[in-house]
Amino acid sequence: MDLEWLKALVALMNQNDLAELVVEEDGRKIKLRKAGDPVLRGTPFVLPAAAAQAAPPAAAAGAAARGAARPATGDGAKGEAAADLAEIKSPMVGTFYRSPSPESDTYVDVGDAVKEETTLCIIEAMKVMNEIKAEMTGVVKEILVANGEAVEFGQPLFVIQRSAG
Amino acid sequence: MFRRILIANRGEIALRVLRACKELGIEVVCVYSQEDRDAIYLRQADETICIGPGPSATSYLDIARILSSAEVGDVEAIHPGYGFLSENAHFAEVCRSCGIEFIGPAPESIALMGNKARARTIAREVGVPVTPGSETTVQSEEQGLEVARSIGYPVMIKAAAGGGGRGMRVAHSDIGFVNAFLAARSEAEAAFKDGSIYIEKFIERARHVEIQVMGDRHGNLVHLGERDCSIQRRHQKLIEESPSPAIDPDLRRRMGEAALALARAARYENAGTLEFLVDREKNFYFMEMNTRIQVEHPVTELVTGIDLVKEQIRVASGEPLSFRQEDVRLSGAAIECRINAEDAENGFKPCPGKIDVYFPPGGPGVRVDSHVYAGFRISPCYDSMVGKVIVHRQTREEAIRVMRRALGELVVEGVKTTAALCREILSSLRFERGDIHTAFVEEHFLNR
């Protein structure tokens, strides 16, 4: 285990504020985790073996800096994608509606692409209609509540598959 | 009678109200914060609604969330418990305008009697004695001196905007007064950004004796006797009892009449408590009114045999009181000890945390009102109450003996509690003799 290489990895972690770093090379794997904070502050950053081997430590640090906090491209990507599902939870107590009015079309359906400003649904509380925004980019994978159903705080409403970008 | 009620509270009082509803055949909707999601009493509710994250401001104090839950839960009434929104006149008003019954007094009564200065004015108007004091705030030490001399020493110098015992000083003479006045004023300015001061007679060695009242919508208003709550620490009650060892039937009658006069003037409905100070000469002075059900209500329930929470619900649904004044009799003696998760040896620092082992006392005459269980987490978001142990026996001596036995049986491991301190107080000769006052705990137990 090359000490200089280890030092470069630690510097990489600090520069990118990573809590955990996993590197696999030639069948060997090293995992570095910062002590103290048991909650990971970001997704574990995995350097695919090809990238770690081909690039010298300085260049790897540079490449990693640009790609930090994002899923790695290449072979790692497929494994990451399945894990990148996000739940939209209700921020309030009320009644869930899928469209602005009974006659209108639904805001979204399964399979629709959404952006940060896309309205997903309305939660009505005390005669006030509250629009719930996606606040992320992706695709609607699941709708967990039926139209007109009562929802409580924290109740999962939608599953969105997040996309990069 | 209501078909469905929402309980806008948590912990032991939520469980207390839930029990009353179950017995009355009323469906219950319980709201809860994420912090309370493991509360065991939620299992007994017909419906539970999560209203927000832990902090009270975004959960139990949030009127919009509570009312949305009432709407979604399709309830006819809300029981506010104690604390939180129970004395919030605006909340009571909003309930009314939404067509939901608020189980408590009318918003106007809450606003009127909840204002300490207005309540004292009403008391003067109906001839109920109040602690002598300045009618308004005092602007200068010279004015203060005049007031102090006319009231008579010793006097209490109090911050009008104050609370929690801060911004208060006692003065025993003219010399002490000026210094105390200036100190109180600067402390008030620093702590509350408001240096307004008022002066009150300081009643030494006073007892805190409160009268429970209950009114319905048909003009019936009854008092249910007194509770002596002199065992306090920093104005927080620790032990309460009924009857008061210092109150004879004649004094009870006079205080009861005073309490009813005040409640009548406020057109009071539902449960309420009038607090008085009783001095060594057995003069009583009105202090303030609590326009809600109180923590220590079980003490009155046990000596009168009347279920106060059920009565609250009946009255709110339009039924007349199920008893008259002549039916109210105090039988035997009841004592309550509040068990809080606090470190009595270290300034009563709250001790939130997980209760690892919990064994409540039992046996004849012992009632335990508690929501905790082994594995339950006392949250830092809310008060530190673990539960209340209440004992009812034929005599005060027996009640004290049984309470000591019960507190000895109680096991709470994982957090420190005030149980041992309560037991110590109950073992003191002076408590046995009934020779207590509001400074008793601080003088005899806490200066070590």
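Guide: A word before we start: the domain bounds used here come from an automatic or database domain assignment. Also, what you're looking at is a predicted model.

Visitor: Fair enough. How far apart are the centres of domain 2 and domain 3 of chain B?

Guide: Chain B is split into domain 1 (4-103), domain 2 (141-201) and domain 3 (207-444). Taking the centres over C-alpha atoms, the separation between domain 2 and domain 3 of chain B is 31 Å.

Visitor: Let's look at the sheet E7-E6-E8 in chain B. Which are its edge strands?

Guide: The three strands make an open sheet in the order E7-E6-E8 (chain B), with antiparallel pairing. From one strand to the next, the twist averages 25°. An edge strand pairs on one side only, and that description fits E7 (168-171) and E8 (197-201) of chain B.

Visitor: And which residue stands opposite Val155(B)?

Guide: Start from strand E6 (residues 155-159) of chain B, which pairs with E7(B) in the antiparallel sense over four bridges. Across from Val155(B), in E7(B), you'll find Ala171(B).

Visitor: Two helices sit on those strands. What angle does the direction of H7 make with that of E7(B)?

Guide: Helix H6 (residues 141-151) of chain B lies across E6, E7 and E8 of chain B, and runs at about 15° to E8(B). Helix H7 (residues 174-192) of chain B packs on the sheet too, touching E6, E7 and E8 of chain B. Its direction and that of E7(B) make an angle of about 175°.

Visitor: Where is Pro154(B), the one with the cis peptide bond?

Guide: The cis bond joins Tyr153(B) to Pro154(B), with omega about 0°. Pro154(B) sits in the loop between H6 and E6 of chain B.

Visitor: Which residue is joined to Pro243(B) by a cis peptide bond?

Guide: Look in the loop between strand E11 (236-242) and helix H8 (249-265) of chain B, the place of Pro243(B). Omega is about -5° for this bond, and the partner is Ser242(B).

Visitor: Phe84(B) has a positive phi. Is Phe84(B) buried or exposed?

Guide: Its phi is near 40°, a positive value in a residue other than glycine. Phe84(B) belongs to the loop between strand E4 (77-79) and helix H3 (89-97) of chain B. The cut-off for buried is 20 or more other C-beta atoms within 10 Å. Phe84(B) has 21, so call Phe84(B) buried.

Visitor: Same question for His235(B): buried or exposed?

Guide: Phi of His235(B) is near 65°, also positive in a residue other than glycine, and His235(B) lies in the loop between strand E10 (221-233) and E11 of chain B. The limit for exposed is 12 or fewer C-beta neighbours. His235(B) has 11 inside 10 Å, so His235(B) counts as exposed.

Visitor: What about H10(B): how many of its nine residues are buried?

Guide: Helix H10 (residues 308-316) of chain B is mostly covered. The cover includes helix H1 (11-24), strand E9 (207-215) and strand E12 (270-278) of chain B, among others. Among the buried residues are Leu308(B), Glu311(B) and Arg314(B). Out of nine, the buried count is eight.

Visitor: Last one. Over which residues of chain A is the pLDDT below 50?

Guide: Chain A averages a pLDDT of 76, and 67% of the residues score at least 70. Where pLDDT is low, the predicted coordinates shouldn't be read in detail. In chain A, the stretch below 50 is residues 37-80.

How values were computed:
Residues numbered from 1 in each chain as written. Chains lettered and ligands numbered in written order. Predicted model: local features only at pLDDT ≥ 70, side-chain atom pairs only at ≥ 80, totals over all residues. Pairing = 2+ DSSP bridges. Axes fitted to C-alpha atoms, helices over the stretch in contact; angles between N-to-C directions. Contact = placed C-beta atoms within 7 Å. pLDDT = per-residue confidence, 0-100.
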